[in-house]
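Visitor: I would like a close look at a single part of this structure. Please take one residue as the starting point and work outward from there.

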Amino acid sequence: MSIAGKVLSEAGTEALLTALREELPYLDVLGMRFETRGDELTAELPFDEKLIGNPFLPALHGGAIAAFAELTALTTLTLMRFAALPGTGGERPAGAPVLPAELHACLPRTIDFTMDYLRPGRPRAAWARARIIRAGRRYASVQTRAWQDRSDRPFVEARGRFLMPEI
Amino acid sequence: MTSQSDTPPAAGPHSEPAPALLPGATPEEVLSYARAFVAAIPHARALGFRLDEIGGGRAVVSMPWAARMVGDASRTGVHGSAIVALLDTCCGAAVVSHPAAGRVTATIDLRIDYLRPARSEQRLIARAELTHLTDKVAFLRAHVESEGAPGRPLATATGAFTVDGRRAASSNTGDFGALS
């Protein structure tokens, strides 16, 4: 991941995601996973029976999908802010943990979040990516899209506003 | 609320029709029946949701405070994501509780405003009510509060849910379709 020319190392990314999982245990409740390719973060929601909302269709629970989208947006913003901090690039030693104080300087708070449900969520894996529309010093606006079989046919689109922590 | 389809499914090959309550069911029987349906929703069961009240376009669903839902380890604060599912389930229950709204529902859109983090380890209580109902769409408002602090909601929400107008003739008995 890179921002304004700064490059986030793999070690830095891994350390941040580890710290994020401790801070947000709900990531593990949902079973979410992340993959980064350069500056692109993709979140995965592996299928689990506990994610089902309507067992008769079956279809994923709308609240689980919303949490998936919101956490994808939060993680994307956190990584963006983290990459802008000193010591997150190639000079960060592998295995160096991200401390809670460092994480709190990067993790935003959700102000509001809106979900548009476009299609049923099927009982299989889903992926999501967040697009940062604008990230200022205090406020960020993010659009998140989630898909399953076809990335050009998202089953949900979401938009959120977030309060960035004081730098 | 939990599933989305282009046309809300009626009782048919894609949904299991719920048995109609016997005419004259008491409110306790209605609640017991609706509770069983909420408990049959896998995600609701996984998060420990409990249906507390339902009827006439309103519903109350609560969940225990649990460490795994807490977003901020340094203080008791429920991360927003954990209460979205609670709001979604509660809104869906409110829709199907209305006599004219039909057996099943799905979320069209849902907006949540996060007002404040939870400051205690009390149960989280979601309350939803219909504000307007057409033959195709139900509009709702809802909020989540910590038990014991009703005047300080953690989050407010507005939502639009699908309505299945094809309701069994026994709608006045308060039968509840799959609370999906």
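Guide: What follows starts at one alanine, moves to the strands around it and ends with the salt bridges.

This is a predicted model, in which local features need pLDDT of at least 70 and side-chain atom pairs count only at pLDDT 80 or more, while totals for chains, interfaces and linings use all residues. Residues are numbered from 1 along each chain as its sequence is written, chains are lettered from A and ligands numbered from 1 in the order in which they are written, and side-chain values use heavy atoms, with hydrogens and water left out.

The starting point is A:A140, which sits in strand β9 (residues 139–147) of chain A. Strands here are DSSP runs of E, at least two residues long, numbered from the N terminus. A:A140 has 0% relative accessibility and therefore counts as buried; buried means under 20% relative accessible area, exposed over 50%, and partly exposed in between, with a 1.4 Å probe and protein chains only. Leaving aside residues up to four places away in sequence, A:A140 touches A:L77, A:R134, A:A135, A:G160, A:R161, A:F162 and A:M164. Contact means heavy atoms within 4.5 Å.

Next comes the neighbouring strand. β9(A) and β10(A) pair antiparallel over eight bridges, where pairing requires that DSSP finds at least two bridges between two strands. Within this pair, A:V142 stands opposite A:G160.

In a regular strand the side chains alternate between the two faces of the sheet. Strand β10 (residues 156–163) has A:V156, A:A158, A:G160 and A:F162 on its covered face, and A:E157, A:R159, A:R161 and A:L163 on the uncovered one. β10(A) is also joined by eight bridges to strand β7 (residues 109–117) of chain A, again running antiparallel. There, A:R109 has A:L163 as its bridge partner.

Strand β7 leads to chain B. The side chains of A:D112 and B:R111 form a salt bridge at 3.4 Å, N to O, the term meaning a side-chain nitrogen of Lys or Arg within 4 Å of a carboxyl oxygen of Asp or Glu. A:D112 lies in β7 of chain A and B:R111 in strand β5 (residues 107–114) of chain B, so the pair joins two chains. A:D112 is buried at 9% relative accessibility, whereas B:R111 is partly exposed at 30%.

Elsewhere, A:R150 and A:D152 meet in a salt bridge of 2.8 Å, N to O, and A:R150 is partly exposed at 40% relative accessibility. Salt bridges with shared partners join A:D112, B:R111 and B:D113 into one network.

Notes. Helices (H or I, at least four residues) and strands (E, at least two) are DSSP runs, numbered from the N terminus.
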